[in-house]
Amino acid sequence: MTNDKTTETNPTHPAITQEALAQLGDGRLAYVKAIRSEDVANLFPQAPKIAPGVELFVLHGADGTPIMLTDTREAALANAWSQELEAVSVH
């Protein structure tokens, strides 16, 4: 059975604001997301053009703000650690 209500109107799953997300973990949470090189310009307009089809990794703040771009997940996690951010898994 499906529920057509959005999380905004569903009292058991209230919507959370970007400000509230940013404060999760006292502002110390981050996550890593894999992206394609074709999507880099949307997140990092200042980045140089990258050949299409390359898998890259972005470290994001809890509110979704992109922090850094790298070619390995390990480098993104190391950057989180160096900035005293707790990297969490998202699915």
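The following exchange looks at a predicted model and asks what stands behind some of the terms used for it.

Reader: Why is His-60 called buried?

Author: A residue counts as buried when its relative accessible area is under 20%. His-60 has a relative accessibility of 4%, and therefore it counts as buried. Across the protein, which has 91 residues, 22% count as buried.

Reader: What makes the approach of the His-60 side chain to Gly-64 a polar contact?

Author: The pair must be N or O atoms within 3.5 Å, one able to donate a hydrogen and the other to accept it. Here a polar atom of the His-60 side chain lies 3.0 Å from the backbone oxygen of Gly-64, and 3.0 Å falls within the cut-off of 3.5 Å, so the distance condition is met.

Reader: Which residues are in contact with His-60, leaving aside its neighbours within four places in sequence?

Author: With those neighbours left aside, the residues in contact with His-60 include Ala-30, Tyr-31, Leu-43 and Pro-66. His-60 itself is found in strand β2, which covers residues 55-61.

Reader: How do you know that β2 and β3 pair?

Author: Two strands pair if at least two bridges are found between them. β2 and β3 are joined by four bridges, so they satisfy this condition, and their pairing is antiparallel. Within β2 and β3, Val-58 stands opposite Leu-69.

Reader: What makes β3 and β4 edge strands?

Author: The four strands form an open sheet in the order β3-β2-β1-β4, with mixed pairing. β3 (66-70) and β4 (86-88) each pair on one side only, and they are the edge strands.

Notes: Residues numbered from 1 in each chain as written. Predicted model: local features only at pLDDT ≥ 70, side-chain atom pairs only at ≥ 80, totals over all residues. Heavy atoms only, no water. Buried < 20%, exposed > 50% of the residue type's maximum accessible area, 1.4 Å probe, protein only. Helix = DSSP H or I, 4+ residues; strand = E, 2+ residues; numbered from the N terminus. Contact = heavy atoms within 4.5 Å.
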